[in-house]
Amino acid sequence: MQQNKEQDKMEKIVSLCKRRGFIFQSSEIYGGLASTWDYGSLGAELKRNLKNAWWASNVYQRDDIEGLDASILMRPETWMASGHVTNFEDALVDCKSCKKRFKVEHVTGKKCPECGGELTDARQFNLMLKTHLGPVEDTSSLTYLRPETAQGIFVNFQNVLTSMRRKLPFGIAQIGKSFRNEVTTGNLTFRSREFEQMEIEFFVKPGTDEEWYEKWVSERFEWYIELGINRENLRKRTHGKTELAHYAKACTDIEYKFPFGWSELEGIANRTDFDLKQHMRLSGKDLQYFDDESKDKYVPYVIEPSGGVDRSILAFLTDSYREEEVKGEKRVSLAIHKRLAPIKVAVLPLLRNRPDIVELAGKITEDLQKCSALGGKVMYDDTASIGRLYRRQDEIGTPYCITVDVDSLSDKKVTIRDRDSMKQDRVSVDKVREYLEEKFN
Ligand code: ATP
């Protein structure tokens, strides 16, 4: 029963995403490309707002983190050093009848879970996507689309350290695309082949790493809650020794209670000095840090909070989805944080056939579109009756709707409606900007 309800919720989110232009299947007109997704107009706004919120809290509101934007393509030695060429593998089995491929850990017994056919023996399958650079397709031109953004940070450690005159502890933050040839798919964007990561590599003196690890676990956990995720839908899960990645000394996942079960949103790992040491070995470059005060030279330890943009978006959408009954009618709304909402304010004229009302609504829209304090898009809509316009805005999470009516022409006031409480305030036209700036502050 509960499971059906959860499945139902997931279907509603998927349908909302498609219908209202948050997320579309990639190459849909050709039948779709599995596990790749396009963000529509509202999805693109939401994604931008989410990345800005992450960047602001990590790069702007702290003194110890620098930003970086490294390229997706890197020298193949990078992936030998990081261990991805040899270790980034899943054990897979193929069905001899229906040809479907499964992760060994997802199959029980020797039969295909879909058609009951016979399965092949398990084979290791590397998750990195390969490509060739330049005019000749041979092994010397082989490289990979990065499976994580982290390595672009490690190879630039010395560049950022010297150019920004940094001292330890400090971190480097980056948001960007990563690629993995995933075989398990489904659940919308949760496991995509092309996705975005928000990663920090925080470099610290060995010996202080455990303390920094704990700090980052709680810092990152609270970030999701500050942006509106319900605390009871979020948990920390510490990896057991056998589950740890080859580079990690400790790892905690932040998991969200998705309709399909508790699943990872972000991992915080103590990567030790593994990556920098490996890059020193393969590149022959000295990546040690010279400590001015103690006159010590050492390879820093690294704490890595690594989150997914797409998984976060899915969590924020799921968590804010509401259905309720209002005056005998079903109301669907997204009670999403104002900072994340794709449309900040919608201006709605009550009567679209009254030029004076339309003109005033247009003026208010233009003025608010120039107001950077709102932090995003302001739209005008007169394509339906007011009831329907409210419903449309509620469903996409617009925090405020402004209605211009006949009285507005004489009393120079408009109605501002709050999405969550549905409370309406009558505000003077010349005070609208101030009113909203305060709400978005
Ligand atoms: P999982 O165990 O779910 O495959 P992972 O442990 O391999 O994830 P990491 O390598 O720790 O993931 O990557 C850090 C973050 O990047 C994840 O917490 C997730 O948010 C995001 N991420 C990783 N793989 C994908 C993917 N295929 N699609 C969308 N996001 C992903």
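**A tour around the ligand and beyond**

Start by selecting β13, which gives the shell around the ligand 4 residues, the most of any element. Strands such as this one are DSSP runs of E with at least two residues, helices are runs of H or I with at least four, and both are numbered from the N terminus. What you are looking at is a predicted model, in which local features need pLDDT of at least 70, side-chain atom pairs count only at pLDDT 80 or more, and totals for chains, interfaces and linings use all residues. Residue numbers start from 1 along each chain, as its sequence is written.

**Stop 1: the ligand**

Now show the whole shell. How many residues surround the ligand? There are 16, and the closest are Ser192, Phe195, Gly267, Ser306 and Gly308. A residue belongs here if its C-beta atom, placed from the backbone, lies within 6 Å of the ligand. Colour β10 (194-204), β13 (261-272), β16 (301-308) and α9 (309-320), the elements that each give two or more residues to this shell.

**Stop 2: strand β16**

Keep β16 selected and hide nothing around it. Is this strand buried or exposed? Of its 8 residues, 8 are buried, so β16 is largely enclosed by the rest of the structure. (Buried means that 20 or more other C-beta atoms lie within 10 Å of a residue's own, exposed means 12 or fewer, and partly exposed is in between, with C-beta atoms placed from the backbone.)

In a regular strand, side chains alternate between the two faces of the sheet. Try this on β16: Tyr301, Ile303, Pro305 and Gly307 are on one side, while Val302, Glu304, Ser306 and Gly308 are on the other. Both faces are covered.

Next, bring in the partners of β16; two strands pair if DSSP finds at least two bridges between them. β10 runs antiparallel to β16 and is joined to it by 6 bridges. Click Glu199 and you will find its bridge partner, Ser306, in β16. β13 also pairs with β16 in the antiparallel sense, over 6 bridges. Here Asn270 stands opposite Ile303 in β16.

**Stop 3: an open sheet**

Move on to β4, β5 and β6. These 3 strands form an open sheet in the order β5-β4-β6, with antiparallel pairing. At the edges stand β5 (101-103) and β6 (123-126), each with a single partner strand, so one side of each has no neighbour in the sheet. Zoom in on β4 (residues 89-94), which is joined to antiparallel β5 by 3 bridges. Asp94 can be found opposite Arg101 in β5.

Follow the chain into the loop between β5 and β6, where you will meet Glu105. Glu105 is exposed, because 9 other C-beta atoms lie within 10 Å of its own. For a long jump, select Val432 too: the C-alpha atoms of Glu105 and Val432 are separated by 57 Å, and the two residues are 327 residues apart along the chain.

**Stop 4: helix α2**

Select residues 41-60, the 20 residues of helix α2. At 1.5 Å times one less than the number of residues, α2 should span 28 Å, and its end C-alpha atoms are 27 Å apart, which agrees. Its buried residues include Leu42, Leu46, Asn49, Leu50 and Trp54.

**Last stop: the full view**

Zoom out to see 13 helices and 23 strands. Along its principal axes, the C-alpha trace spans about 75 × 65 × 50 Å. Of the 441 residues in the protein, 35% are buried.
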